[in-house]
Amino acid sequence: MARITLDGVSVRRTTADGEIVALHETSVVLAERRVALVGPNGAGKSTMARLVNGLVPASSGTVRVDDLDVAEHGREVRRRVAFAFTDPRAQLVMPTAGEDVALSLRRSHRDKHARAEAAREALRGFALEDLHDRSVHALSGGQAQLLALASVLATRPDVLVADEPTTLLDLGNARHVAEVLLGLPQQLLLVTHDLELAARCDRALLIRDGRVAADGEAAEVVEHYRRTA
Ligand SMILES: Nc1ncnc2c1ncn2[C@@H]1O[C@H](COP(=O)(O)OP(=O)(O)O)[C@@H](O)[C@H]1O
Ligand SMILES: [Mg+2]
């Protein structure tokens, strides 16, 4: 399990309306297996999630994954921290499912045959082996999200950051992807509006107006959010 540390971190952004503070000075340590970030639109959830692998730089303070400073060791951090986007099609870049997984294995498996075998194995892990030769454009939303997860997890990162990974899915697919996420051996930092899913995590943070408004046992934080939304 990794230890994700935000130490006095703020994020300021310049917009057409002037400067905004997307995250006010925040210090928090995340070391539980499954941590949910909940809160209204524009609260700063994605900003916080993206800080963890350096997709968003901190304006002040430091972000660390164990002892690695994200600002200094971005590449190493990104090898340990995978990121899943809301729209899986944003990260599926190869023609077929098998090739897409193989692409993320290009550094860890230099040998072409070993790489192809590892890609099949990764697909099997998500019960996607039948999609190996399927065009990534011919997948359903649920299949595409599972494939995106299989691709980013194929290199066995320690942490998965997932930003609303079930938002675009229908009920059945959202449920299936949710079960897969909760069952992952990796540490999970999950941004979600699915409050039932959030409540099943080990810890939740309620983000409001760029601040941590509540933090604790997931079901209690979700209940607090429901009462005060
Ligand atoms: N690329 C961007 N450029 C300018 N402002 C942004 C950008 N992305 C987000 N913001 C602003 O930063 C704040 C936090 O956004 P975000 O972290 O995306 O919130 P959430 O994920 O909780 O909906 C909001 O005020 C939002 O409008
Ligand atoms: Mg967001």
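Phe83 is buried, at a relative accessible area of 7%. That's a handy place to start with this predicted model, since Phe83 is half of the one aromatic pair that turns up in a search of the whole structure. Below you'll also find the shell around ligand 1, the loop between β7 and α6, Glu32 and its contacts, and a couple of residues with positive phi.

**The aromatic pair**

- Look through the whole structure and you get one aromatic pair.
- The partners are Phe83 and Phe85, with ring centres 4.8 Å apart.
- Their planes sit at 50 degrees, so this pair goes down as tilted; edge-to-face would take over 60 degrees, and stacked would take under 30.
- Phe85 is partly exposed, because its relative accessibility is 26%, whereas Phe83 is buried at 7%.

**Ligand 1 and its shell**

- Twelve names make up the picture here by class: four nonpolar, six polar and two charged residues.- From the N-terminal side, the shell includes Arg13, Thr15, Ile20 and Ala22.
- The shell also takes in Pro40, Asn41, Gly42, Ala43, Gly44, Lys45, Ser46 and Thr47.
- Thr47 has a side-chain N or O atom 2.5 Å from an oxygen atom of ligand 1.
- Ser46 puts a polar side-chain atom 2.8 Å from an oxygen atom of the ligand.
- Gly44 uses its backbone instead, with an N or O atom 3.0 Å from an oxygen atom of ligand 1.
- On its own, ligand 1 has 560 Å² of accessible area, and the protein covers 59% of that.
- Three elements give two or more residues to the shell: β1 (4-15), β2 (18-30) and α1 (45-51).
- Helix α1 supplies the largest share, with three residues.

**The loop between β7 and α6, and the start of the helix**

- Thr166 sits in the loop between β7 and α6, and it's buried because its relative accessibility is 8%.
- Setting aside neighbours within four places in sequence, Thr166 contacts Ala174, Val177, Ala178 and Thr192.
- Thr166 and Leu139 are 27 residues apart along the chain, and their C-alpha atoms are separated by 16 Å.
- Leu169 lies in that loop too, between β7 (159-163) and α6 (171-182).
- Leu169 has 13% relative accessibility, so it counts as buried, the cut-off being under 20%.
- Beyond its neighbours within four places in sequence, Leu169 is in contact with Gly141, Gly142, Gln145, Ala174 and Val177.
- Ala174 and Val177 therefore appear in the contact lists of both loop residues, Thr166 and Leu169.
- For a sense of scale, Leu169 and Gly8 are 161 residues apart in sequence and 35 Å apart in space, C-alpha to C-alpha.
- Leu171 is in helix α6, and at 58% relative accessibility it counts as exposed.
- The C-alpha atoms of Leu171 and Thr86 are separated by 15 Å, with their positions 85 residues apart along the chain.

**Glu32 and its contacts**

- Glu32 has its place in the loop between β2 and β3 (34-38).
- With 28% relative accessibility, Glu32 is partly exposed.
- Not counting residues up to four places away in sequence, Glu32 touches Met1, Gln187, Asp202 and Arg203.
- One of those contacts, to Arg203, comes with a polar contact between the two side chains at 3.0 Å.
- Glu32 and Tyr225 are 193 residues apart in sequence, and 20 Å apart in space from C-alpha to C-alpha.

**Positive phi outside glycine**

- As background, most residues other than glycine have a negative phi.
- Asp66 goes the other way, with phi near 50 degrees.
- Asp66 is in the loop between β4 (60-65) and β5 (68-69), and it's partly exposed at a relative accessible area of 28%.
- Ala127 has a positive phi as well, about 55 degrees, although it isn't a glycine.
- You'll find Ala127 in the loop between α4 (112-125) and α5 (141-153).
- Ala127 is exposed, because its relative accessible area is 65% and the cut-off for exposed is over 50%.

Notes: Residues are numbered from 1 along each chain as its sequence is written. Chains are lettered from A and ligands numbered from 1 in the order in which they are written. This is a predicted model: local features need pLDDT of at least 70, side-chain atom pairs count only at pLDDT 80 or more; totals for chains, interfaces and linings use all residues. Side-chain values use heavy atoms; hydrogens and water are left out. A residue is near a molecule or strand if one of its heavy atoms lies within 4 Å of it. A polar contact is a pair of N or O atoms within 3.5 Å; within protein, one must be able to donate a hydrogen and the other to accept it, and residues adjacent in sequence count only if both atoms are side-chain atoms. Accessible areas come from the Shrake-Rupley method with a 1.4 Å probe; for residues, only the protein chains shown count as cover. Helices (H or I, at least four residues) and strands (E, at least two) are DSSP runs, numbered from the N terminus. Ala, Val, Leu, Ile, Met, Phe, Trp, Tyr, Cys and Pro count as nonpolar, Asp, Glu, Lys and Arg as charged, and the others, Gly among them, as polar. Buried means under 20% relative accessible area, exposed over 50%, partly exposed in between (1.4 Å probe, protein chains only). Contact means heavy atoms within 4.5 Å. Rings of Phe, Tyr and Trp (its six-membered ring) pair if their centres lie within 6.5 Å; planes under 30 degrees apart count as stacked, over 60 as edge-to-face and the rest as tilted.
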